[in-house]
Amino acid sequence: MDIYLIAPLPNFGSEALIADKILNIDERYALMASAGITTVAALLEGDFNIRLCDEMTEDVDFDDPSDVIAISMNVAQASRGIEIARRFRAMGRRVIMGGPHVSLAPGDFDGEADSLIIGEFETVASALSRDLLADTLQPRYLCGQADLASAPVPRWDLYNNDRAISGVIQTSRGCPFECSFCDVIQYLGRVQRHKPIENVLAEAQVLYDLGYRSINLSDDNFTVHRKKSRVLLEGLAGWNGREGREPVQFATQASIDLSRDAELIELCNQAGVRDIFVGIETSNEEALKEVKKRQNLRRDLVTEISRIVAGGLTVTGGMMVGFDHDDLGCFERQFEFGMALPVVNLRVSVLVAPIATPLYEQMAAEGRLFTDGTETSFPGGDLWTNIEPRQMTRRQLAEGAIWLVEALHEPDNAIRRFEHLAAILGPPPEHLRASDRKVTPGKGAFGIFKLFRQAASDPRARRVIDAVNELSHQRPEIARDLSFALSIFLNSFTSLHRLSQQGSRQVHLSREQPIAQPA
């Protein structure tokens with residue numbers, strides 16, 4: 001039986017805040033490979049001929065003759081996933097849908113597929129495989145929680161690896177925190193489940209052999225379970241750059257409390273986990289309280305982020321606007337806060353209420369959900385929130401978010417943050433330094449080179465490139481880190497330039513309530 005397994009393109013519409021999941025060049029490259037569809041492919045049992053399509057790297061082939069079309073999607077992919085399903089069903093194909101958003105809001109997909117997978121696929125993979133082969137496909141499969149110890153190595157052999165920059169290994173599922181805007185705990189639970197270190201290393205070797213030299217450790221909170229984190233990091237430290245292997249740059253996600261564990265920071269550095277995403281969100285403590293982001297409270301966030309960076313980890317920061325305690329001055333305050341951080345890449349988002357979250361229930365109870373169009377069910381794909389902000393309009397929030405993103409990407413401001421980063425970033429261990437050894441370009445390297453060449457033709461971007469080159473000459477031991485941060489910055493910078501050329505992106509605040517520009 002033939003199965004066409006698809007990861008739809010996320011929503012990068014004309015009113016997106018930024019398009020940072022793909023390379024913004026004229027060829028298709030995903031910044032991160034799709035672990036979802038490769039994992040599903042590995043779990044199917046029986047005589048299946050499987051073809052994968054990650055729409056971030058290639059077009060969907062609507063002429064594919066497969067018997068079954070399987071679509072895995074998160075909230076940003078949901079609208080496109082439904083479009084794909086409708087086209088294939090109109091041709092008489094059987095369609096299966098699954099993934100995080102299908103699991104959280106199955107009612108939104110009723111009538112759009114022949115079968116829905118609700119929950120973690122591992123627990124029903126055998127049953128679904130049997131039913132497909134027996135032609136007894138059920139309309140719904142209700143899943144339990146997966147045991148990651150039995151997880152197979154994803155079918156990366158089926159994936160378009162030459163069009164992805166970073167490989168992906170899922171190391172755990174679940175998060176113990178209770179941020180009211182986060183749907184992770186609704187889907188995966190608050191008790192973390194971990195993949196054994198031997199499984200992680202096996203997957204790392206597969207990706208390494210395929211040519212990946214950048215790997216994302218997909219984890220909802222990498223460092224919250226310290227004992228497990230130490231075991232994993234010690235294993236990676238013994239593998240990365242050892243036994244003739246070239247250095248691999250690992251990235252993951254952690255909470256701010258990592259800053260208080262110097263030993264764990266050092267282990268991250270020794271393992272090559274040199275890029276950490278931290279949900280910094282805001283310096284407004286009342287805003288943090290309202291969404292129960294308790295792990296960020298009563299902390300000097302600038303000092304604690306600086307401590308992580310000094311330990312050898314570059315930080316990508318999540319920054320959010322649109323809380324109930326945010327007024328129109330929040331955009332300037334967030335700009336000043338961001339400029340105080342040794343963080344080049346700050347990922348700005350507007351507060352949304354994903355379906356099934358406590359925030360969604362709160363907004364529904366208060367009558368503040370915006371119900372025009374698809375924003376209520378599928379929020380987060382653009383710059384428009386699906387809630388009615390308390391101290392500004394939705395348009396003012398969108399306009400302020402655009403202003404904040406563009407201000408942070410102004411070349412002079414970016415150079416200041418690069419200089420701050422270069423001044424304090426701790427060096428990698430000797431065995432992971434690439435400056436004194438020949439290193440094979442990783443997967444997607446041609447796309448990154450093309451991004452740099454393209455950006456260099458813009459005089460504003462060229463100033464940032466020249467400044468970072470000078471910093472790399474001054475500190476060659478961190479040149480790879482600076483280059484990695486620069487590639488992310490240039491991709492976002494290019495995205496902003498492209499979006500600014502679209503007429504619908506040109507929004508302005510009313511004269512009565514202006515937002516000041518940065519000095």
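**Threonine 314, the strands around it and the salt bridges**

Threonine 314 lies in strand 14, which spans residues 314–321. The model described here is predicted. Threonine 314 counts as buried because its relative accessibility is 6%, under the 20% limit for that class. Its side chain makes polar contacts with two successive residues of the chain, Arg274 and Asp275. For arginine 274, the partner atom is the backbone oxygen, which lies 2.8 Å from a polar atom of the threonine 314 side chain. For aspartate 275, the contact is between side chains, at 3.1 Å. Leaving aside residues up to four places away in sequence, threonine 314 touches Arg274, Asp275 and Ile276. The same list of contacts also holds Leu421, Leu425 and Asp481.

Strand 13 covers residues 273–281. Strand 13 pairs with strand 12 in the parallel sense, over five bridges. Within this pairing, phenylalanine 250 stands opposite valine 273. The connection between the two strands passes through helix 8, residues 262–271. Strand 12, helix 8 and strand 13 form a right-handed β-α-β unit.

Strand 12 comprises residues 249–254 and is mostly covered. Five of its six residues are buried. Strand 12 also runs parallel to strand 11, residues 214–218, and three bridges join the two. Asparagine 216 has alanine 251 of strand 12 as its bridge partner. A second right-handed β-α-β unit is built from strand 11, helix 7 and strand 12. Helix 7 spans residues 226–239.

Valine 273 also belongs to the largest nonpolar core, which has 114 residues. Valine 273 is among the residues with the most contacts inside this core. The others named in that group are Phe121, Leu128, Tyr159, Ile305, Phe418 and Phe489. Not counting residues up to four places away in sequence, valine 273 touches Leu217, Leu233, Leu236, Phe250, Thr252, Cys268 and Leu313. Another core lies apart from the largest one. This other core has 20 residues, including Tyr4, Ile6, Cys53 and Ile118.

Salt bridges were then examined. The whole structure holds 39 of them. One joins arginine 226 to aspartate 257, with the closest N and O atoms 3.7 Å apart. This pair links distant parts of the chain, 31 residues apart. Arginine 226 is in helix 7, whereas aspartate 257 is in the loop between strand 12 and helix 8. The two partners fall into different accessibility classes. Arginine 226 is partly exposed because its relative accessibility is 23%. Aspartate 257 is buried because its relative accessible area is 16%.

A further salt bridge pairs glutamate 263 with arginine 230, the closest N and O atoms being 3.6 Å apart. Glutamate 263 lies in helix 8 and arginine 230 in helix 7, so this bridge ties together parts that are 33 residues apart in sequence.

Glutamate 243 and arginine 245 also form a salt bridge, with a closest N to O distance of 3.4 Å. Glutamate 243 is exposed because its relative accessible area is 72%. Arginine 245, at 13% relative accessibility, is buried. Elsewhere, salt bridges that share partners join Arg226, Arg230, Asp257, Asp261 and Glu263 into one network.

Attention turns next to strand 6, residues 115–118. In a regular strand, side chains alternate between the two faces of the sheet. In strand 6, Ser115 and Ile117 point one way. Leu116 and Ile118 point the other way. All of these residues are buried. Strand 6 runs parallel to strand 5, residues 94–98, and two bridges join them. Methionine 97 has leucine 116 of strand 6 as its bridge partner. Strand 6 also pairs with strand 7, residues 140–142, in the parallel sense and over three bridges. Here isoleucine 118 stands opposite leucine 142. From strand 6 the chain crosses to strand 7 through helix 4, residues 125–134. This β-α-β crossover is left-handed, whereas the unit of strand 12, helix 8 and strand 13 is right-handed.

Definitions and conventions. Residues are numbered from 1 along each chain as its sequence is written. This is a predicted model: local features need pLDDT of at least 70, side-chain atom pairs count only at pLDDT 80 or more; totals for chains, interfaces and linings use all residues. Side-chain values use heavy atoms; hydrogens and water are left out. Buried means under 20% relative accessible area, exposed over 50%, partly exposed in between (1.4 Å probe, protein chains only). Helices (H or I, at least four residues) and strands (E, at least two) are DSSP runs, numbered from the N terminus. Two strands pair if DSSP finds at least two bridges between them. A crossover is right-handed if, with the strands pointing away from the viewer, the path from the first strand over the helix to the second runs clockwise. A polar contact is a pair of N or O atoms within 3.5 Å; within protein, one must be able to donate a hydrogen and the other to accept it, and residues adjacent in sequence count only if both atoms are side-chain atoms. Contact means heavy atoms within 4.5 Å. A salt bridge is a side-chain nitrogen of Lys or Arg within 4 Å of a carboxyl oxygen of Asp or Glu. A nonpolar core is a set of buried Ala, Val, Leu, Ile, Met, Phe, Trp, Tyr and Cys residues joined through side-chain atoms within 4.5 Å.
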